[in-house]
There are 2 protein chains.
Amino acid sequence: MNSVFELCTAAKSASYEIALLDTEKKNKILCDIADAIISKKDMLICENERDIAIAKENNMRESLIDRLTLTEARIEAMAEGARQVATLPDPIGTTLSDITRPNGINIKKVCVPLGVIGIIFESRPNVTLDAAVLCLKSGNATVLRGGKEAIYSNMAITAVMREVLAENNVSPDAICLIEDTTRNSASELMNMKGLIDVLIPRGGAGLIRAVVENAKVPVIETGAGNCHLYVDKHANLEMAVNVLTNAKCSRPSVCNAVETALVHADVAESFLPKLKEALSPYNVEIRGDAECARIIPCSPATDDDWETEYNDFILAIKIVKDIKEAIAHIARYNTMHSEAIITDDTASAELFTKSVDAAAVYVNASTRFTDGFEFGLGAEIGISTQKMHARGPMGLEELTSIKYLIHGNGQIR
Amino acid sequence: MNSVFELCTAAKSASYEIALLDTEKKNKILCDIADAIISKKDMLICENERDIAIAKENNMRESLIDRLTLTEARIEAMAEGARQVATLPDPIGTTLSDITRPNGINIKKVCVPLGVIGIIFESRPNVTLDAAVLCLKSGNATVLRGGKEAIYSNMAITAVMREVLAENNVSPDAICLIEDTTRNSASELMNMKGLIDVLIPRGGAGLIRAVVENAKVPVIETGAGNCHLYVDKHANLEMAVNVLTNAKCSRPSVCNAVETALVHADVAESFLPKLKEALSPYNVEIRGDAECARIIPCSPATDDDWETEYNDFILAIKIVKDIKEAIAHIARYNTMHSEAIITDDTASAELFTKSVDAAAVYVNASTRFTDGFEFGLGAEIGISTQKMHARGPMGLEELTSIKYLIHGNGQIR
């Protein structure tokens, strides 16, 4: 087993090679990966079963075992994902600006890969392939460090991709997996200054916090979503019920689901009973403030509720006296992910979109749209909740950097 | 004296106000700051003299006292800088993309401020104003933490700017100075997660390393420049001598000065004596490898020399057998700042620019041009040597982030 340092050094070295591949070559490799993953699906499922057997021995929860499981359909989806990434435009090499200065030097700003992208993730083995193909298409090498629950699956998927690289006469070290799944290997990866250009954590809040707090390499913070929907005084209440039900219930485990509804006091009396009815088929637990409890039956909300990302069929509700109180509440508790207002009033919409500090701010639509595919990026490696480098869904462009190329004929300063 | 937390909280609160100011208002404030700094120059010089008196008591080096000193001319240059920033285009509010999806939702990507920018810097008091005006123009609040050597100057400059903000009915907390100059206050600032959106260190290698290694808030790494110039086999040797002399000697203390020359073995015999002659008026100490020492008198270079940013009239020279060896040497030792090749051969130039991983890669021009003004950005808050968010000279655009604004009419997913 190679050390983290050895793997990162090998990936760094391979990154220079990957950075120079032309689009056609990269696309061929992506399609070859898609083919290989299909033709080796029996082996992949077999290795995945080893992980599942261990998970069952350890009494892993059913929902987590489900996330861990590779089925034929899921392998086909992974292959399809790789083929789709091949069809996306290649950002590398694009000239972003081109100026000639009065002294005659020409300065071009061109798009280049970031270099080596580290990905720390948890149990879903498909991330291994999804992340590696996005990095490859954008000219980057990848160092993957998945959870121990999926180690056999991850090793098998990585082996298939590395074999394809080798068959294409490209260094297989462009895709490296850290097989040591101890806490120690994660810490080492966070410290690979000069070798890891960017580290992206994908997983739960605990993992993300650990990476953000401990990494010495640059990090892109992703994923945590304590999202709000504000029902304005001027809201179409039917639309508000419909959008909120969707934002809470269509997939509560994901980061773009709504956790807290803020309701204008003037419409609370008529809105809340309608909402309660719409949520009842989903057995949503409502935790409301005192004013909410006066209108509909609910359990009492505490300060903890305002800052909790439930990822579950639970909705916190707070009645606010005006839009300013809603904006202030969001400023205090949100995680800069996705925030929504339902209103027919242009001024309210504008105040909300200008004042709320989040990657995506919605007027009259569900927060569930914050997603690379829904935003037309074609794919997504995660959703950035920081403001530096990338914000919101990250596609291929967000995996690139720039370089200035300056041509002169002997100019000095 | 307010605590770091109190200052950052106040700056965060002010940042929401600053983010919404229109361009005209921001420009007026910048011009008012320019006027105020001129009209209060006697007071500023007087406060600056307190710092200088302490510096002299502490036997500070002359060159450092010079950096610390505010003269009338320097105050005028600061005012002129503020006025120039007022003339630059305002990036805030620009729509970067605008798409309507098949489901009818409209997604706009707009340019927004980062929020609160922390600046940790050393002795030069003009940074207080230069940094604050750039942050203000790009809609950001600033928390400044300067060195203790300049504390009276920094307090005076900050007080003038805050007074101008108040006179314009804008919260003065948009520009905050941390008056506590202990190590402790710097550490606290690095930990203000959720309050500081980006932290930019400006100063020596030690400061930058400390910030990069210890900060829990996002950081932009700036400044360290171990820059190389490679004299190719196909170089115009006269140009090479001229450009290298400029890149080494025009201002050796800055980050875009060259530290090591790499010389192709085929031209070393004819190039080095010419170079030696050109450098002699500057008393440049040459530290060469064995092959270099065979051709011109020099002191021996050790491995330490390859990784040292001298910031002084010292030049390391290594003879390489081909361009690949030059590229490999740069890959091993450079700090991703500025790198140059002198060549008349297109293929060599292309190989060099494609392979060398740095913010700015030059063909036949001096590395000394890596600078916000020279690159046409109008101003500069620093030179990023990382690949995330910003790379190379950072102007107003690099102090911004984006936000997605989504408008629908009830769409759900």
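**Exercise 1. What rotation, with what shift along its axis, superposes chain A on chain B?**

Before the solution, a word on the model and its labels. The model is predicted: local features need pLDDT of at least 70, side-chain atom pairs count only at pLDDT 80 or more, and totals for chains, interfaces and linings use all residues. Residues are numbered from 1 along each chain as its sequence is written, while chains are lettered from A and ligands numbered from 1 in the order in which they are written.

Step 1. Superpose the copies by least squares on the C-alpha atoms of residues with pLDDT of at least 70 in both. The result is a rotation of 180° with 0.0 Å of shift along the axis, at an RMSD of 0.0 Å. That is how a two-fold axis relates two copies.

Step 2. Look along chain A for the residue closest to the rotation axis: H389(A), whose C-alpha is at 1.8 Å.

**Exercise 2. Describe the side of chain A that touches chain B.**

Step 1. Count contacts, meaning residue pairs whose C-beta atoms, placed from the backbone, lie within 7 Å. On this basis, 55 residues of chain A meet 55 residues of chain B.

Step 2. Find the elements involved, where helices (H or I, at least four residues) and strands (E, at least two) are DSSP runs, numbered from the N terminus. Among those supplying at least two residues each are helix 9 (205–214) and helix 10 (237–249) of chain A. Strand 16 of chain A gives the most, with 11 residues.

Step 3. Sort the residues by kind. Take Ala, Val, Leu, Ile, Met, Phe, Trp, Tyr, Cys and Pro as nonpolar, Asp, Glu, Lys and Arg as charged, and the others, Gly among them, as polar. This side of chain A then has 25 nonpolar, 18 polar and 12 charged residues.

**Exercise 3. Trace the strand partners of strand 16 of chain A.**

Step 1. Apply the pairing rule: DSSP must find at least two bridges between two strands.

Step 2. Start inside chain A. Strand 2 (residues 106–113) runs antiparallel to strand 16 (residues 400–411), joined by 8 bridges. Here K108(A) is opposite L405(A).

Step 3. Cross to the other chain. Strand 16 of chain A and strand 13 (residues 360–365) of chain B run parallel, with 5 bridges. L405(A) has V361(B) as its bridge partner there, and I406(A) stands opposite Y362(B).

How values were computed:
Two residues are in contact if their C-beta atoms, placed from the backbone, lie within 7 Å.
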